[in-house]
Amino acid sequence: MNGRTYGVAVIGAGDRGTAYARAWSRVHQVRLVSVCDLIPERRYRLQALFGFQWSTADYREAIRRDEVDIVTVCVPAALHVEIGRFALELGKHVLMEKPMALSLAEATAVTEMAAHRGLKLGLGFQYRYISTFRKVKKALDAGWLGSPTFVQFADIRQIRAHKPAMHDLKAGNGGPIVDMCCHFTDLMRWYFGTDPVRVMAVNRIFAQCRPELMSISMKAPDTSAIIIEYMGGHTGQILLCWGLPPGIVGTLDHRILGPQGILTVGQDGIVSVLLEDGERVTITLDSEEEEKGLDNIDVEQSTYSVVLDFLAAIEENRQPRTGGLDGQIALATSLAALKSGRLGQVVTIEEIMCERPTAADFA
């Protein structure tokens, strides 16, 4: 680190805005300049909690301040690019929470804009920094399972009644196929070291008539079974459901199959590989990874690793570990799943990249 102090603006004072504000507050080279949220109580709370100098309901006012060098965007995905472009126009670096956008055309444009202006654009794929998933990556890199591999994720939850924007296909976060699937597809792309090729999905809306979501005019599919083929013969399978009735406790399951064995991830974060003749290997991180702060146990802790990497990318003039291209590919995969479910056929990533659609195109 070069010793310079960087001013930070956080746009959006909800759960993720709070997590990023907390993470930035731990970085000694950072000064928290401005926080923005349309809800006064939320922005005043963050201002008091972390010592922001200014609070406002206008993101333009928050970003325009001369002291701001880095803008962290934590609003619904439908607004990410609008705010990101405004910040880039003023010469600010931008760290966006995922998903990148609801429109691939917009995601592509903001990525190109950042590159053209020589500014950093980062995406908050925090899962890459969580120790559980780093153990999985370590096992795959070591070749314990052989190749090709089949990766399975299952994310089962009740409706997100306290965050209805999560179910909004047009003006919110695009539903779990966009909002959550991007974590899983980014992890798989990182695991395999290859890009997705084609997608097949079956999509449903379990919560179509739930009274908690009646204000949403264009509900996103909340339940989906997705198969993704990656280069190299690797395959991903995702079962998503955010449409169950309130009160049902959700689960997150993760396992991987290969010609030489099966990798399982326990609810306690223990990652183990079961091999021939019943031999079991437990995967651990080494001391160097722990010293680098890559032993995070949850999303909250891993957010700190995200902001540290983003700041290092600025100072070292390199790309963040997860940047605009990663966000585009994750979004394209989600859009391919939406299109596949709509048409009932296989959809290639190449055609999505050419069409550059919006999530609402597949309502």
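**View 1. The largest cavity in this predicted model has a volume of about 40 Å³.** With 30 Å³ as the lower limit, the count comes to 1 cavity. Its lining is made up of Pro99, Met100, Phe125, Val178, Cys182, Gly327, Ala330, Leu331 and Ser334.

**View 2. Helix 11 at the lining of the largest cavity.** Helix 11 spans residues 324-343 and gives the most to this lining, with 4 residues. Sorted by class, the lining of the largest cavity holds 7 nonpolar and 2 polar residues. Charged residues are absent from the lining.

**View 3. An open sheet of 6 strands, with parallel pairing.** The strands follow the order 3-2-1-4-5-6 across the sheet. Strand 3 (54-56) and strand 6 (121-124) are the edge strands, and each of them pairs on one side only. On average, neighbouring strands of this sheet are turned by 20° against each other, direction ignored.

**View 4. Pairing of strand 1 with strand 2.** Strand 1 covers residues 6-11 and strand 2 covers residues 30-36. The two strands pair in the parallel sense, over 6 bridges. Within this pairing, alanine 9 stands opposite serine 34, a residue of strand 2.

**View 5. Helix 2 packed on the sheet.** Helix 2, formed by residues 40-50, touches strand 2 and strand 3. The direction of helix 2 makes about 170° with that of strand 3. Strand 3 (54-56) is one of the edge strands of the sheet, while strand 2 is the strand that pairs with strand 1 over 6 bridges.

Technical notes
Residues numbered from 1 in each chain as written. Predicted model: local features only at pLDDT ≥ 70, side-chain atom pairs only at ≥ 80, totals over all residues. Heavy atoms only, no water. Pairing = 2+ DSSP bridges. Axes fitted to C-alpha atoms, helices over the stretch in contact; angles between N-to-C directions. Contact = heavy atoms within 4.5 Å. 1 Å grid on protein atoms, 1.4 Å probe; cavity = no way out; pocket = protein on both sides within 12 Å on 5 of 7 lines; lining within 4 Å. Points joined across faces, edges and corners; volume = space filled by probe spheres on them. Nonpolar A, V, L, I, M, F, W, Y, C, P; charged D, E, K, R; others polar.
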